[in-house]
Amino acid sequence: MEVSSVQRLCLHLISAAFQRCRVSEDLCRLSVVLKRSSDSDPSTVRISISDTGIGTSLEEFQGLKFSREVFDAEKWDGVLNVQTTNIGDDEIYHYHLNLRESNSVRRLTRLPSNPKNGAKFSGTEIYLSISESIDVFLAEVIRFFQKILVLKIPNVAIELVAEEGGVPGSQYRKVFLANECNPVPFSASNVERLKSGLEDYVMKHGNSLHRKCDSCFPNWEHLKVGSGRACCAESHRSAGLQMEVVIIVSEISETSPCFRSSSAETEVLYFKDFSPCPITQSSLTALTNIDWKSYGLVLKSTAVQGGYTALEWENLPPNIHIDMVLHCYHKQYQFTPPGQKTRSNRNLIKKAAKLALDDLKEKHAGAFLSAHALKICSYAPDLARTIAGLILSSNDSEFQEECFSILGLQSQNIRNEIVEDSIQQKIISVIQMNDGKPLRSKEAASSFLFEDERLQEPNMQEEEYDAERSMGG
């Protein structure tokens with residue numbers, strides 16, 4: 001990993017601590033403490049990152065590469081102090097790492113260790129000192145944790161503390177708990193956790209609140225949730241690449257105090273191997289190549305700036321908002337040497353996103369119809385009126401009785417409007433049911449009212465992938 005700033009380095013170290021907790025089978029604590037010195041150098045902030053997960057390995061730091069700006073800015077002296085131990089170790093090991101040193105032999109200094117005296121525990125603490133605004137860095141860390149809660153890893157409790165040295169009442173302390181709102185069982189799958197985590201993220205306005213916003217989301221009916229999962233089969237070259245996509249469509253009253261005028265913009269949260277990170281160009285390209293119009297959406301533009309990725313829509317009503325999260329990870333941990341490119345996941349993203357959109361369409365009849373289906377629906381009233389006129393003007397009473405029976409209507413005192421409404425509902429129901437389904441046989445083709453030319457488009461090359469729609473939700 002190449003580190004372009006001190007902030008990126010610290011977030012990388014925090015993410016690594018989170019991973020050590022995640023893979024542990026025990027309940028773990030991750031603590032980040034920011035403390036400004038009150039002595040001779042008040043501009044220095046001491047950062048401590050500690051966890052009770054599995055112990056770290058020094059190999060974790062060997063892949064770090066630093067751009068020249070990290071050291072030229074003179075915000076950090078390049079020194080990391082590390083204490084670590086595994087559950088089976090008899091000692092707590094101490095190391096002094098000078099990452100300014102290019103010689104790997106001189107980079108690491110092993111310091112005297114401390115005995116554990118028979119105690120059984122594991123954990124790591126890394127601390128460093130930087131010259132940086134504590135407020136700016138605190139905001140970065142808070143945003144990082146707000147995102148990481150979307151993964152909803154239940155065995156990790158996160159504590160963040162910041163204090164100005166010697167300033168009474170200056171301490172900031174916040175605890176981030178994945179299962180604080182809308183808890184999921186420890187046995188839940190990764191995609192089930194991702195769904196629940198994004199629901200929390202939406203209802204707590206980006207996890208900026210301690211609980212869901214009742215003024216915007218008085219009940220769960222305001223959320224439409226779809227999820228999809230695609231995976232690449234395991235082989236001797238691959239540890240099994242997984243791609244999970246969750247999409248949430250929320251409806252907020254325009255009278256709500258939290259109403260967002262920028263509802264036409266969707267922030268795309270992107271995770272790689274259980275860590276938030278900027279979206280890759282291939283992943284963004286995959287999103288832009290999705291046939292959004294087949295789900296009633298028109299993509300206007302994309303924007304990427306400072307790790308923030310947004311999709312802007314043309315046709316969203318002002319009270320509708322779309323949130324999206326993508327998570328790409330390996331089924332088994334796979335170390336990728338620095339500089340080695342990983343396999344493109346473009347097709348996996350398209351498959352998983354399409355499954356999530358299909359999931360939404362299946363669960364919510366009438367929503368996310370293609371532009372073609374919407375156009376056909378607009379003809380339904382006239383078609384229903386014509387058919388109703390033919391039925392009611394017929395002199396064949398048996399024909400009328402059979403038509404009324406098919407429509408589920410009683411023949412006594414029946415009005416023209418009732419027949420029209422019943423026919424219109426059935427027409428629209430058939431359109432909704434068949435929207436987007438492939439024509440696999442003549443029997444299937446007969447269920448379509450109109451022919452849809454987009455169904456004749458060739459499928460993308462995805463035969464090598466195994467995909468499945470996640471269940472539940």
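## Helix α1 and the nonpolar cores

Helix α1 is mostly covered, with 14 of its 17 residues buried. In this predicted model, α1 reaches 24 Å from its first C-alpha to its last, close to the 24 Å expected at 1.5 Å a residue.

The largest nonpolar core has 64 residues, and L30 and F145 have the most contacts inside it. Helix α1, residues 6–22, supplies the largest share of this core, namely nine residues. A second, separate core contains 34 residues, among them L284, I349, L357 and A367.

## Overall organisation

The protein chain has 12 helices and 17 strands. Of its 473 residues, 47% count as buried. Among contacts between residues at least 6 apart in sequence, 69% join residues at least 24 apart.

## The aromatic cluster around F145

F145 is in contact with I14, L30, V32, I158, L160 and F176, leaving aside its neighbours within four places in sequence. One of these partners, L30, is named together with F145 as having the most contacts inside the largest nonpolar core.

The count of aromatic pairs comes to four. F144 and F145 form an edge-to-face pair, with 6.0 Å from centre to centre and 65° between the planes. Both F144 and F145 are buried. The rings of F145 and F176 have their centres 5.3 Å apart and their planes at 50°, so this pair is tilted. Because F145 lies in helix α5 (residues 134–148) and F176 in strand β10 (residues 172–177), the pair ties together parts that are 31 residues apart in sequence. F176 is buried, as is F145. Ring pairs thus link F144, F145 and F176 into a cluster.

## Lysines over aromatic rings

The ring of F176 also has a charged partner: the charged end of K174 sits over this ring, 5.1 Å from its centre. A further case involves K116, which lies over the face of F121 at 4.6 Å from the ring centre.

## S122 and its loop

S122 is found in the loop between strands β7 (108–115) and β8 (123–131). Its relative accessibility is 18%, so S122 counts as buried, the cut-off being under 20%.

A polar atom of the S122 side chain lies 2.9 Å from the backbone oxygen of G53. Leaving aside neighbours within four places in sequence, S122 is in contact with D51, T52, G53, I54, G55, T85, N86 and I87. G53 therefore appears both in this list of contacts and as the residue whose backbone oxygen faces the S122 side chain at 2.9 Å.

## Positive phi angles at K152 and F274

K152 is not a glycine, yet it has a positive phi of about 50°. This residue is placed in the loop between α5 and β9 (156–164). K152 is buried, with a relative accessible area of 0%.

F274 likewise has a positive phi, of about 65°, although it is not a glycine. The loop that holds F274 runs between β13 (265–272) and α7 (281–288). With a relative accessibility of 6%, F274 counts as buried.

## Helix α9 and the loop that follows

C377 is found in helix α9. The relative accessible area of C377 is 13%, so this residue is buried. Not counting residues up to four places away in sequence, C377 touches L369, I428 and I431. The C-alpha atoms of C377 and Q432 are separated by 8.9 Å, and the two residues are 55 residues apart along the chain.

S394 lies in the loop between α9 (371–392) and α10 (397–407). The side chain of S394 reaches the backbone nitrogen of D396 at 3.1 Å. Not counting residues up to four places away in sequence, S394 touches F399 and Q400.

Technical notes: Residues numbered from 1 in each chain as written. Predicted model: local features only at pLDDT ≥ 70, side-chain atom pairs only at ≥ 80, totals over all residues. Heavy atoms only, no water. Helix = DSSP H or I, 4+ residues; strand = E, 2+ residues; numbered from the N terminus. Polar contact = N/O pair within 3.5 Å; in protein donor to acceptor, adjacent residues only side chain to side chain. Contact = heavy atoms within 4.5 Å. Core = buried A, V, L, I, M, F, W, Y, C linked by side-chain atoms within 4.5 Å. Buried < 20%, exposed > 50% of the residue type's maximum accessible area, 1.4 Å probe, protein only. Expected span 1.5 Å × (residues − 1). Phe/Tyr/Trp six-rings, centres within 6.5 Å; stacked < 30°, edge-to-face > 60°. Lys NZ or Arg CZ within 6 Å of the ring centre and 35° of its normal.
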